[in-house]
Amino acid sequence: MSAIHWRGVLLGGLFLAAQATTVAAQERELLTLEAALARAGIVDSADEPPENPRLIGPRAEADAARALVDQARLRPNPEIAFEAENIAGSGAFSGLQATEYTLSLSQRLELGGKRRARVRAAQAEARVAALSGALSVAQLGRSVRERYVEAVSAAARLELARDIVERNRELARIAGVLVDVGREPPLRSLRAEAALAEALAELEAALAADSAARTALAALWGEATPATDVPSVFPEIEPPATLLASPSALRLQVARAEREAADAAIARERSLGIPDPAISAGVRRFEESRDQAFLVGVSIPFPFSNRNQGNIAAAEARLRAATAREAIARTDFELEVTQARGQFLAAEARVETLAETSLPQAEEALRLVRIGYRNGRFPLIEVLAAAEARDTIREALIQAQEDRGRLAATLIWLGAQ
């Protein structure tokens, strides 16, 4: 028995094991796109999934920003002070006879609209954090859809690899029969066994790619093991019917909110350049005469050199930068929408052509050649050529469907509001 035949037997055992794995997978429930989105925390689910670590950070940042708004609303705390003068001196001030005790309460008064500017700036930052969190959720949804499509593509390629192995096993069997009866030279049988061995090797690679794609998908909700098997049929992912560069797009909302936050920061820094007076009131006790007296006071910082001018200039520069980023974001957004929509329509047209015209024609050609081969009218090389042509079209169809799904996910992300 030839070495190639022995290799065929060995790889044939691997194929049978792969078939058993396929049957077991079919008995398990397949993971749908909706279930994947629910497990990632993108959509609501009847079964509450564990909190996704990828969403904890953005939500915590939004919570922190809201807490800072509450903090910004608070006024300065009053200060209480106690003083003891003329203690343990010399002469008439020895001991505690001449001691004076003062207890006072002071309050700093915020002028220049500091509190209002501080609250407005904190609210603007909270809006940025909230929108950034929503954008993170939309980005995660895009990643889930893209990786799910990639997992389906890997499952479809695995199915294609199994079909090729099954076909080559049948061709190898027929070639062996024809060689035995003298209708084909022995070289034909060796060629068929070599094709089978190559197909089994491709099957092993497809199995590894399928597991890697499902592992990448599960990583999006914090699992290290591969996700449940996905179907080999691509889901219908419909992009928004109309998608324009409107102000409601999340990416543009974030850019606009960052500009507004930068503008609010200027007002806050300018208000900090206005000095705040502090008023105080208290009571003083004279130990020697046992008398008491009230006292009041006012203290005002003198803005001689520090008028917060550096922070004001920095805030104005940040506003210019944020304004430029907003303009760039709008231009880039319009370009991405145009490109993604054009590419999606091209991929959709390619899927339609391959699925409705090219693949049926290739299937019919392969069917006729295989019939002729069984009847001895065509050589094995013709069958292999027709099969390879059909497989090439199937691979192209899988790639076009994957491209269409990824672009639809991109358009959904771009249209997030």
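In which helix does E146 lie? A good way into this predicted model is to follow that residue to its surroundings. E146 belongs to helix α4, and its relative accessibility of 17% falls under the 20% cut-off, so E146 counts as buried. Setting aside residues up to four places away in sequence, E146 touches R406, A409 and T410.

The overall plan comes next. The protein chain contains eight helices and four strands. Read from the N terminus, its elements follow the order α-α-α-β-β-α-α-α-β-β-α-α. The chain has 417 residues, and 39% of them count as buried. Among contacts with a separation of 6 or more, 79% are between residues 24 or more positions apart.

The strands can be taken together. They form an open sheet of four strands in the order β1-β2-β3-β4, and the pairing is antiparallel. At the edges stand β1 (79–85) and β4 (291–299); each has a single partner strand, so one side of each is left without a neighbour in the sheet. From one strand to the next, the twist averages 20 degrees. In general, strands of a sheet pair through backbone hydrogen bonds, in either a parallel or an antiparallel way.

Walking across the sheet, one meets its pairs in turn. Seven bridges link β1 with β2 (residues 100–108) in the antiparallel sense, and E79 has S106 of β2 opposite it. The pairing of β2 with β3 (residues 278–286) is also antiparallel and runs over nine bridges; here L105 has A281 in β3 as its bridge partner. Nine bridges likewise join β3 to β4, again in antiparallel fashion, with S280 opposite G297 in β4. The hairpin of β3 and β4 has four residues between the strands, and in this hairpin R290 adopts a positive phi near 65 degrees.

Attention now turns to the helices and how they pack. The axes of α4 and α5 approach within 8 Å and cross at roughly 165 degrees. This angle is over 145 degrees, and α4 and α5 are therefore roughly antiparallel to each other. Their crossing is left-handed. A second pair is formed by α7 and α8, whose axes lie 7 Å apart and which pack at an angle of about 160 degrees. By the same cut-off of 145 degrees, α7 and α8 are therefore roughly antiparallel, and the crossing of α7 and α8 is left-handed.

What lies inside can be described through the nonpolar cores. In soluble globular proteins, nonpolar side chains tend to be buried together. The largest nonpolar core here has 61 residues, of which L31, V144, Y148, L217, W221, V230 and L414 touch the most other members. Helices α2 (33–39), α4 (114–180), α5 (186–218), α6 (250–272), α7 (309–374) and α8 (380–414) each supply at least two residues of this core. The most comes from α4, which gives 20 residues. Apart from this core lies another, made up of 14 residues, including A172, I174, V383 and A386.

Y148 offers a closer view of the largest core, being one of the residues that touch the most other members. Leaving out neighbours within four places in sequence, Y148 is in contact with L31, T32, L33, A36, L217, V230, P231 and P235. Two of these partners, L31 and L217, are themselves named among the residues with the most contacts to other core members, as is V230.

A final residue to visit is V254, which is found in helix α6. Its relative accessibility is 8%, under the 20% cut-off, so V254 counts as buried. With neighbours within four places in sequence left aside, V254 is in contact with L131, S132 and L135. V254 and R127 are 127 residues apart along the chain, and their C-alpha atoms are separated by 8.4 Å.

How values were computed:
Residues are numbered from 1 along each chain as its sequence is written. This is a predicted model: local features need pLDDT of at least 70, side-chain atom pairs count only at pLDDT 80 or more; totals for chains, interfaces and linings use all residues. Side-chain values use heavy atoms; hydrogens and water are left out. Two strands pair if DSSP finds at least two bridges between them. Axes are lines fitted to C-alpha atoms, for helices over the stretch in contact, and angles run from 0 to 180 degrees between N-to-C directions. A nonpolar core is a set of buried Ala, Val, Leu, Ile, Met, Phe, Trp, Tyr and Cys residues joined through side-chain atoms within 4.5 Å. Buried means under 20% relative accessible area, exposed over 50%, partly exposed in between (1.4 Å probe, protein chains only). Contact means heavy atoms within 4.5 Å. Angles under 35 degrees count as roughly parallel, over 145 as roughly antiparallel, 65 to 115 as roughly perpendicular and the rest as oblique. A crossing is left-handed if the near helix is turned anticlockwise from the far one by less than a right angle, and right-handed if clockwise.
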